[in-house]
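Student: I have a new structure to read. Can we work through it with short questions?

Tutor: Yes. Look at the sequence and the model, then we begin.

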Amino acid sequence: MNTVINKEHFYSISLLRMVAMLSIVSCHIFQYYGNFLAWWFNAGVDVFLIISGYLYGLRKYEFANAKECFYFAGRFYRKEFLKLLVPYYLMLAVVIPLYFLLKANSFVQLAKLIVFQNSRVTGFGHIWFFRYILVCYFLTPFWYFIPEKKWKTAVLAVLFIASLPFCGGMGVWYACYLFGMFVARLNGNLKVQNCFGVLSVVAGIALSVFCVRYEVDREHWNFALNMQKLFTGGGITMFSIFILRKNNIPLLCKRMLLLSDRYSYEVFLVHQLFIFGAFSVMNIFAYKTLNVSLCFFVSFFSAFLLHSVKERII
C-alpha cells in the first residue's frame, strides 16, 4: 500500500532539490575559477541522495510473498531506470560524435562514458553519481519486503556499516540515501525528528572541528569530510523539510519550484559541458558575470531540450 505525500510537503522537497541543483552548478563554477567557495557549495549531491532516500522511505508496500516483491521490483526498475538513464544516453548520443569530431578525446575514452567511466573526458566529472544511485535504486524494492517492525533497525544497521571507515568514501554515498530513508520513517514523531536533526548537525560540526584541530591526514580527511557533509547536510535537510512543510508557499514560488523540479536532473547532467567541457562558455566574455550568466542560460536551455525529447520517448 502506497503512502501519499501531501502537496505542501512536496513543495518543501522541491525547494531543497532546487537549492541542491544550484549548489552543484555553483560549486563547479567556483571550482573552474579556483575559488575556495567551491568547497562551501560541495554538498548538492549529498542532498540529492538524502532527498531520494527520504521520498522512497515514505512509501510503504505490503507483499504477500517474495514473488510479489520481485514483480514490483521489475516495474520499479523499468520506471526509475528509464527516468534516470534515458536522458543520459540521449545526451551521449549528441555529445560523443561532437567530441570525436572536435578531437577532444579518443573514441575509446568516449565509449567508456556508456558504462559511467569518466576516462578523463572533460565535462563528465560528475557521472560517478550513477554508480551509486543505480545501486541504491536496485536495492530499494527489497527494503519494502522487510517487516515494518524490523525496517528501521535494518536500515540503521546498514547505515552504520556503510558509514564505517573501511567502506571508504564509497560507503558514505550509500549512507546518504539510507539516512534519508531512515528519517522518512520518523515522519510521525516531531520530537524524535528534531532530536535526530540536532544530533546530526552537532556530529557534523564536531567532526569538522576534530579534523582541523588534530590535522587529520589526507586519506582520513576525505572520509571525514564526506561524513561531515552527511551529518550536517542530513540534519539541515530534515529541518528544512519539517519547517517548510508547516508554512504556506506563495503561488509564484510554487510555479518556480515546479519548473525547477521538472528540469533539475537534466541541468545536473549537462551543466559541466559548459563549464569544463569542450563546449565551455566560461571564457567567451571579458567579464565573469556575463560568462556565468551565459553558463546558466545554456545549461537550462539544453536541459529543456533534453527533457522535451525524453518526454517523447518515455
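Tutor: One term comes before the rest: buried means under 20% relative accessible area, exposed means over 50%, and partly exposed lies in between. Keep in mind that this is a predicted model.

Student: Are Arg17 and Asp261 buried or exposed?

Tutor: Apply the cut-off of under 20% relative accessible area. Arg17 meets it, and Asp261 does too. The word for both Arg17 and Asp261 is buried.

Student: How far apart are the closest N and O atoms of Arg17 and Asp261?

Tutor: Start with where they sit. Arg17 and Asp261 form a salt bridge. The pair links distant parts of the chain, with Arg17 in helix H1 (residues 7-32) and Asp261 in helix H10 (residues 251-270), 244 residues apart. Yet between the closest N and O atoms of this bridge the distance is 2.5 Å.

Student: Why can such side chains pair at all?

Tutor: Think about charge. Side chains can pair when their charges are opposite and their charged atoms come close. The property to name is opposite charge.

Student: How many salt bridges does a search of the whole structure find?

Tutor: Arg17 with Asp261 is one such bridge. Lys83 with Glu80 is another. The search of the whole structure gives a total of four.

Student: Which helix holds both Lys83 and Glu80?

Tutor: Lys83 and Glu80 form a salt bridge, with their closest N and O atoms 3.3 Å apart. In sequence they are three residues apart, about one turn of the helix. Both lie in helix H3 (residues 66-101).

Student: Which word fits Lys83, buried or partly exposed?

Tutor: Take its partner as well. Glu80 has a relative accessible area of 2%, so it is buried. Lys83 has a relative accessible area of 40%, so the word for Lys83 is partly exposed.

Student: Which residues do salt bridges that share partners join into one network?

Tutor: Begin with Glu266 and Lys310, which form a salt bridge with closest N and O atoms 3.3 Å apart. This pair links distant parts of the chain, Glu266 in helix H10 and Lys310 in helix H11, 44 residues apart. Salt bridges that share partners join into one network Glu266, Lys310 and Glu311.

Student: What is the relative accessible area of Glu266?

Tutor: Its partner Lys310 is at 7% relative accessibility, so Lys310 counts as buried. Glu266 is buried as well. Its relative accessible area is 1%.

Student: How many helices does the chain have?

Tutor: Read along the sequence and the pattern is α-α-α-α-α-α-α-α-α-α-α. There are zero strands. The number of helices is eleven.

Student: Which helix has the lowest confidence?

Tutor: The chain averages a pLDDT of 80, and 74% of the residues score at least 70. Confidence is highest in helix H11 (residues 288-313), at 95. At a mean of 56, it is lowest in helix H8 (residues 190-213).

Student: What share of the 314 residues is buried?

Tutor: First the outside: the accessible surface of the chain comes to about 17,000 Å². Carbon and sulfur atoms account for 68% of that surface. Of the 314 residues, the buried share is 46%.

Student: Which residues form the nonpolar patch on the surface?

Tutor: Find Phe41 in the loop between H1 and helix H2 (44-58). Its relative accessible area is 31%, so Phe41 is partly exposed. The patch has about 590 Å² of accessible area together, and its members are Phe36, Trp39, Trp40 and Phe41.

Student: Which backbone oxygen does the side chain of Thr140 reach?

Tutor: Thr140 is found in helix H5 (residues 128-143). Its relative accessible area is 0%, so Thr140 is buried. Beyond its neighbours within four places in sequence, it is in contact with Tyr56, Phe76 and Tyr177. At 2.7 Å, its side chain reaches the backbone oxygen of Cys136.

Student: What separates the C-alpha atoms of Leu84 and Ile133?

Tutor: Leu84 is found in helix H3, and with a relative accessible area of 8% it is buried. Outside its neighbours within four places in sequence, Leu84 is in contact with Phe130, Ile133, Leu134, Tyr137 and Tyr265. Leu84 and Ile133 are 49 residues apart along the chain, and their C-alpha atoms are separated by 9.3 Å.

Technical notes
Residues are numbered from 1 along each chain as its sequence is written. Side-chain values use heavy atoms; hydrogens and water are left out. Helices (H or I, at least four residues) and strands (E, at least two) are DSSP runs, numbered from the N terminus. Buried means under 20% relative accessible area, exposed over 50%, partly exposed in between (1.4 Å probe, protein chains only). Accessible areas come from the Shrake-Rupley method with a 1.4 Å probe; for residues, only the protein chains shown count as cover. pLDDT is the predictor's confidence in each residue, from 0 to 100. A salt bridge is a side-chain nitrogen of Lys or Arg within 4 Å of a carboxyl oxygen of Asp or Glu. Patches are made of residues with over 30% relative accessible area and no salt bridge: like charges are joined within 9 Å, nonpolar side chains (Val, Leu, Ile, Met, Phe, Trp, Tyr) within 5 Å. A polar contact is a pair of N or O atoms within 3.5 Å; within protein, one must be able to donate a hydrogen and the other to accept it, and residues adjacent in sequence count only if both atoms are side-chain atoms. Contact means heavy atoms within 4.5 Å.
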